[in-house]
Number of protein chains: 2
Amino acid sequence: MEHGSPPDLTGRHSPADWDVIVIGAGVAGLTTAYRLRQEKPDCRVLVLEAKDRVGGRTLSTEMQGAHGKDVWDLGGQWLGSTQHHLHWLMEELGLEKYPQYSTGKKLMLLGNRGIRSYNSSIPSMSLAALVDVHRFLTLTDRLAASVPLDDPMKSPYAKVYDGTTMDSLVRQTTWTQEARDAIEVSADIINGAPPRMMSVLYFMHYVASAGGIRNLVEAEGDANNGFRIKGGAQQISKLLVERIGQEQVLLGQPVDHIDQQEADSVTVVTAAGKAFTCRYVVVAAPIHCSTDIKYTPVKPLDRINLARLSPVGHLIKFIVTYPTAFWREDGFSGEIVSNGGKPIIEGPSSGPLHLTYDCTTSNGNPGIVGFYANGREWSHIDPDIRKQAVLDSLAEFFGSKARDPLDYCEKDWALESYNGGCPVNIMTPGAMTFHKGLRTPFDRVHWAGTETATHHVGFISGAVQSGMRAADEVLRRLEPERPPDQVLTSLDDKRDTGQGNRMWGRLLLVGGAVGAVLVTALFVKKFGLKWTPSFVRRMSKPWNI
Amino acid sequence: MEHGSPPDLTGRHSPADWDVIVIGAGVAGLTTAYRLRQEKPDCRVLVLEAKDRVGGRTLSTEMQGAHGKDVWDLGGQWLGSTQHHLHWLMEELGLEKYPQYSTGKKLMLLGNRGIRSYNSSIPSMSLAALVDVHRFLTLTDRLAASVPLDDPMKSPYAKVYDGTTMDSLVRQTTWTQEARDAIEVSADIINGAPPRMMSVLYFMHYVASAGGIRNLVEAEGDANNGFRIKGGAQQISKLLVERIGQEQVLLGQPVDHIDQQEADSVTVVTAAGKAFTCRYVVVAAPIHCSTDIKYTPVKPLDRINLARLSPVGHLIKFIVTYPTAFWREDGFSGEIVSNGGKPIIEGPSSGPLHLTYDCTTSNGNPGIVGFYANGREWSHIDPDIRKQAVLDSLAEFFGSKARDPLDYCEKDWALESYNGGCPVNIMTPGAMTFHKGLRTPFDRVHWAGTETATHHVGFISGAVQSGMRAADEVLRRLEPERPPDQVLTSLDDKRDTGQGNRMWGRLLLVGGAVGAVLVTALFVKKFGLKWTPSFVRRMSKPWNI
């Protein structure tokens with residue numbers, strides 16, 4: 001082992017080389033380091049990154065655009081106006097946002113009804129399916145509202161929710177195949193995994209952290225897909241490195257081992273055998289990557305079990321650039337929602353398109369961004385065949401001009417080393433039982449990453465919140481008298497889901513329902529009854545004979 | 001890297017050091033090596049084992065018994081009379097079985113009804129709970145019978161079964177809390193994980209491979225807990241090593257990397273940097289352990305996804321030896337089935353006992369073997385406190401003599417390196433979608449281990465079958481003209497579940513039902529209707545309006 005000591009910038013003599021080592025130079029890890037240096041300028045922080053680049057699950061790439069080279073995002077790229085943590089960081093870094101283009105007709109291919117277009121925010125579905133989807137979204141918001149953000153196991157039917165898949169919930173609470181298709185496509189896009197893989201409790205916590213289901217499925221207004229970052233999302237990480245100091249961030253240094261056998265320091269050993277000592281460690285990596293590191297002593301079983309039950313989503317994202325935004329000229333917004341339709345090549349069980357949006361840049365270079373349906377199946381296919389399948393499918397929706405792109409680029413996140421999937425770890429049934437292992441520090445090791453957020457889990461904003469929280473935890477161990485971070489507290493408190501307004505709006509619309517609600521409220525007050533979702537009633541009350 | 005060449009026993013000149021390298025010296029790996037040498041004596045086979053012992057999930061230990069030192073099993077130990085593959089191997093090795101003692105009263109603690117004893121094979125439950133359990137077992141056998149052993153995704157409602165947890169199935173098809181308790185305890189013991197973690201499809205395939213649910217929950221007659229191995233189960237592996245040749249089995253050699261970039265050989269690199277080349281590799285390890293090895297090129301995505309969705313069970317097993325089998329004298333069989341009851345120390349949510357049996361050896365040294373309820377919770381507790389809790393709990397069931405053991409030994413399998421859990425990998429919802437990744441060879445790498453069996457998955461017998469199958473696969477690649485292994489084929493064909501007899505027995509009992517069945521059969525023949533489980537009907541047929 002070779003010792004990797006830092007330049008002793010502070011003049012302090014500590015037995016450890018560093019105060020804090022952050023593992024992972026994605027948004028969470030770099031935010032941690034940034035906050036540590038911002039709040040305590042003499043804090044000796046080292047960031048170790050396994051890959052040869054910063055940014056984690058954000059990755060911006062230069063492509064040929066209509067007016068020359070421009071930058072598009074192959075990873076995380078969207079933000080919503082209630083994502084206060086990311087807004088705060090963007091302001092710190094001088095980054096700007098611009099709205100996601102959503103004017104014009106949207107296209108939809110669900111069930112066996114062919115391609116349909118619609119203009120409003122109401123999808124072109126049968127009336128029954130619309131009612132069905134609306135009922136399901138309302139149920140989702142209601143269930144999500146009952147899940148405490150910081151301790152989901154405290155929700156009233158936590159065990160039932162944790163033991164039920166989203167697939168079972170959808171099957172039991174919807175009437176139409178069309179609605180089921182729409183919900184399956186949405187879940188697949190939101191989490192990169194089908195509803196059968198996630199527990200109801202995991203998904204409802206995810207929805208609650210996002211401020212309601214509409215923030216996850218809409219692409220305008222307050223929704224989390226409402227805006228993009230000028231110049232690309234990877235800039236966040238690049239600018240953070242500039243602020244932290246280039247020399248504090250080492251690339252190409254996968255960590256092999258974290259040793260906490262010493263009483264007051266931690267030794268971090270890289271795959272190349274370099275050893276660094278520090279007082280605290282922040283592991284800022286997706287859950288499944290954090291388990292590729294060996295720990296001595298071994299990690300707490302809660303964390304081990306959580307990791308074993310948290311696979312990662314699988315998304316393949318593509319960007320196509322064009323000389324003109326011809327779809328806009330034809331009155332289309334660029335949005336397609338599809339179950340993939342019939343397979344257009346042999347192998348996959350459906351066609352490639354799942355969801356697309358207009359991704360014309362703030363410089364006016366037109367493009368379409370999209371995700372493969374069934375990434376797990378398309379991942380096997382030759383990239384050239386895959387590209388042609390995407391262009392042919394786009395042509396079915398937008399016309400033959402879609403076959404003549406300027407440039408094409410795609411990213412199968414599952415194949416990237418030290419990543420293995422996108423967008424986020426999902427949790428299978430039973431995982432949430434071990435939820436307290438998610439953020440609880442393991443001796444001197446703290447945990448960050450968007451999976452550990454309470455606000456906007458799975459988004460860039462969640463990564464920012466988790467980094468701020470981890471930095472605050474470590475700062476208060478370095479300086480026990482230190483009060484909690486006021487910036488973080490005020491951002492956490494800003495939480496405004498807009499859900500209340502929507503709820504009341506709906507209640508007013510249904511007029512007479514108000515009276516019923518009041519009567520029910522009195523009834524509940526008197527008899528202490530709680531609302532129990534019907535699927536919970538069916539599943540949780542044995543006759544007890 | 002240092003080259004580890006074998007003595008060239010065969011005089012052949014091959015570019016590879018070995019014909020076959022087997023990774024893992026458990027029953028599956030050693031059976032593979034044994035069959036390779038038995039069928040092709042000049043086959044150059046090397047077995048690499050990560051631990052410093054052979055046996056995998058079988059482990060026999062010497063303890064103090066009433067008549068001196070004797071051997072008990074801390075790992076897999078039971079077999080049933082329909083486990084033909086294990087019987088074949090035991091005959092090869094000259095090992096004998098003896099029946100599991102099951103005479104006398106059994107004890108049960110489920111629901112809030114206190115400890116109850118019963119004498120027959122019918123548990124002491126309320127009539128309603130008995131009917132309920134019986135209904136559920138019948139449903140289970142019926143569902144299991146519809147799952148093809150070699151391709152479970154071909155079962156008629158595979159997608160629904162794969163998307164539903166066992167917890168949801170139990171909640172929707174049972175009436176009484178008592179029955180639910182009994183079923184939860186059983187699942188927890190069978191797979192080391194609660195029903196909420198496994199998909200219906202996984203469990204039903206497991207049941208089908210075991211020849212029916214009664215083989216899994218009973219401890220007498222044909223059931224898989226009906227017999228034990230004289231002298232302990234680890235002897236299987238030790239005797240196999242003698243047959244294969246001690247020098248062909250290297251201990252303490254964890255494999256780090258399998259490189260298949262060469263056209264006609266594979267390089268296996270150990271953690272210590274030793275490199276071995278061979279023509280074929282058999283990885284004979286639990287699914288989660290097989291993923292701790294790096295593969296170049298990377299494993300097929302089916303296998304990766306399967307591993308991510310297959311956590312491992314968590315059992316802590318204990319053995320207590322006594323001067324006399326005092327429970328037998330008091331008319332007890334030694335069997336306890338319990339939901340753990342009230343917690344007797346702070347921390348765990350229930351007491352320690354889950355399931356116990358008499359484990360008096362064939363030499364007549366008395367003992368009780370058992371499993372902790374909630375292993376995941378008890379794993380955190382100090383072993384001394386844990387031991388006292390077990391003895392105190394045993395005293396509650398069998399009287400105060402239980403507090404004075406001769407010897408006590410336990411094994412928390414989750415804490416063993418290169419193991420991480422017991423008895424078997426379970427599959428969470430969505431995992432079975434990738435089931436074809438389980439046995440499909442990855443170029444020159446083949447897969448063994450009880451998880452890959454089609455007969456008696458999760459048992460020693462499944463490990464034997466998987467080793468025989470992997471050896472056969474490799475032999476037929478070494479010698480393309482070679483016919484399929486007749487021994488294996490005849491053992492696979494012996495499959496006799498006894499289910500048929502039970503079913504008819506029941507039909508005859510209900511007399512009049514026979515007529516109804518005939519009428520139904522005619523009806524089905526005419527209209528082509530298939531039986532659809534009610535929970536599937538509820539979950540799979542949208543109105544399609």
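**Note on a predicted two-chain model**

1. At a relative accessibility of 4%, A:Glu451 counts as buried, because the cut-off for that word is under 20% relative accessible area. This is a statement about a predicted model, and A:Glu451 is placed there in the loop that runs between strand 21 (445–448) and helix 15 (460–478) of chain A. If residues up to four places away in sequence are not counted, A:Glu451 touches A:Arg57, A:Pro286, A:Ile287, A:Val424, A:Asn425, A:Leu438 and A:Val457.

2. A:Glu451 also appears in a record, since an unreviewed UniProt entry lists A:Glu49, A:Ala50, A:Val255 and A:Glu451 under "binding site". Of these, A:Val255 belongs to strand 12 (residues 255–259) of chain A, and with a relative accessibility of 13% A:Val255 counts as buried. Once neighbours within four places in sequence are left aside, the contacts of A:Val255 are A:Ile23, A:Leu48, A:Val268, A:Val269, A:Thr270 and A:Ile293.

3. A:Phe371 is likewise given as "binding site" by UniProt, in an unreviewed entry. The model puts A:Phe371 in strand 19 (residues 367–372) of chain A, where A:Phe371 is buried with a relative accessible area of 9%. Beyond four places in sequence, A:Phe371 is in contact with residues including A:Trp78 and A:Ile189, the run A:Leu315, A:Ile316, A:Lys317 and A:Phe318, and the run A:Pro352, A:Leu353, A:His354 and A:Leu355.

4. For chain A as a whole, the secondary structure comes to 19 helices and 21 strands, and 62% of its 545 residues count as buried. Among the contacts in chain A with a separation of 6 or more, 73% join residues that are 24 or more positions apart. The chain exposes about 20800 Å², of which carbon and sulfur atoms supply 53%.

5. Which residues have the most contacts inside the largest nonpolar core? They are A:Met204 and B:Met204, in a core of 141 residues. With neighbours within four places in sequence set aside, A:Met204 is in contact with A:Thr140, A:Leu143, A:Ala144, A:Val147, A:Met166 and A:Leu169.

6. In chain B, helix 5 (residues 166–173) is mostly covered, with 8 of its 8 residues buried. The buried residues of this helix are B:Met166, B:Asp167, B:Ser168, B:Leu169, B:Val170, B:Arg171, B:Gln172 and B:Thr173.

7. How are the two chains related? A turn of 180°, with a shift of 0.0 Å along the axis, lays chain B on chain A with an RMSD of 0.0 Å. That is the relation of a two-fold axis. Of the interface residues of chain B, 98% are also interface residues in chain A, so the copies meet through the same surface.

8. On confidence, the predictor gives the complex an ipTM of 0.84 and a pTM of 0.87, while chain A averages a pLDDT of 88, with 87% of the residues scoring at least 70. Two stretches of chain A call for care: pLDDT stays under 50 over residues 5–13, for which the model has 10 contacts beyond four places in sequence, and pLDDT also stays under 50 over residues 497–508, for which the model has 13 such contacts. Where pLDDT is low, the predicted coordinates should not be read in detail.

Note on methods: Residues are numbered from 1 along each chain as its sequence is written. Chains are lettered from A and ligands numbered from 1 in the order in which they are written. This is a predicted model: local features need pLDDT of at least 70, side-chain atom pairs count only at pLDDT 80 or more; totals for chains, interfaces and linings use all residues. Side-chain values use heavy atoms; hydrogens and water are left out. UniProt positions are given in the numbering used here, feature names are shortened, and annotations may be inferred rather than shown by experiment. Helices (H or I, at least four residues) and strands (E, at least two) are DSSP runs, numbered from the N terminus. Buried means under 20% relative accessible area, exposed over 50%, partly exposed in between (1.4 Å probe, protein chains only). Contact means heavy atoms within 4.5 Å. Copies are superposed by least squares on the C-alpha atoms of residues with pLDDT of at least 70 in both. A nonpolar core is a set of buried Ala, Val, Leu, Ile, Met, Phe, Trp, Tyr and Cys residues joined through side-chain atoms within 4.5 Å. pLDDT is the predictor's confidence in each residue, from 0 to 100. Accessible areas come from the Shrake-Rupley method with a 1.4 Å probe; for residues, only the protein chains shown count as cover.
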